[in-house]
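Here is a short briefing on a sheet, with its strands taken one by one. Keep the structure open beside you as you read.

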Amino acid sequence: MFYAMRVLIGQEKNVAALLAQSIKHEDTGISAILAPESMQGYIFVESDKMLDMRHPALRVPNLRSLVEGDVEFDELKSFLNPEPAMINIIKGSIVELTSGPFKGEKAKVVRIDEAKEDVVLELIEAAVPIPVTVKGDQIRLIQKEAE
């Protein structure tokens, strides 16, 4: 059975690591822990026993509560094989930077390195074209290249 647990937003990976450490020598029945990046405030655990939040091993900082009911495996499949961030981005596309020092700036894609998931961009509104290399998850597609 799979269970969803509420955690403090931004602490999902820390809680998962602390929970894994605390259940290592306890018999809680937990066999797997999943902390998906795309779902803030929740982690998922697989357990063959009913979970009881009063168990000492489950008293982990920033772990808030157990969500009532169990989660179906089909609902978790999308978190196990996430789509690549750069699937729709091609050379010549117009993108917006979502993080970093140029956050909010529009840029044109010059080159894509799919192995490293890096994208080389050229800022549109810059006076001098400067190539900027960012990770694929730091950009958002605005317009594909006109065919």
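In this predicted model, strands β5 and β6 run antiparallel to each other and share 3 bridges. Strand β6 covers residues 106-113, and its Ala 107 sits opposite Val 95. The points below start from β5 and then move out to the sheet that holds it.

**Strand β5 and its other partner**
- Strand β5 spans residues 94-97, and it is covered on both faces.
- On one side lie Ile 94 and Glu 96, both buried.
- Val 95 and Leu 97 are on the other side, and these two are buried as well.
- This fits a general pattern: along a regular strand, side chains alternate between the two faces of the sheet.
- Strand β9 pairs with β5 over 4 bridges, again in the antiparallel sense.
- Here Val 95 comes up once more, this time standing opposite Leu 141 in β9.

**The whole sheet**
- Which order do the strands follow in the open sheet? They run β8-β7-β6-β5-β9, making 5 strands with antiparallel pairing.
- The edges are formed by β8 (131-135) and β9 (139-143), each of which pairs on one side only.
- From one strand to the next, the twist averages 45°.

**The β7 and β8 pair**
- Strand β7 takes in residues 118-123 and pairs with β8 over 5 bridges, in the antiparallel sense.
- Glu 122 has Pro 131 of β8 opposite, a handy pair to look for at this end of the strand order.

How values were computed: Residues numbered from 1 in each chain as written. Predicted model: local features only at pLDDT ≥ 70, side-chain atom pairs only at ≥ 80, totals over all residues. Heavy atoms only, no water. Pairing = 2+ DSSP bridges. Axes fitted to C-alpha atoms, helices over the stretch in contact; angles between N-to-C directions. Buried < 20%, exposed > 50% of the residue type's maximum accessible area, 1.4 Å probe, protein only.
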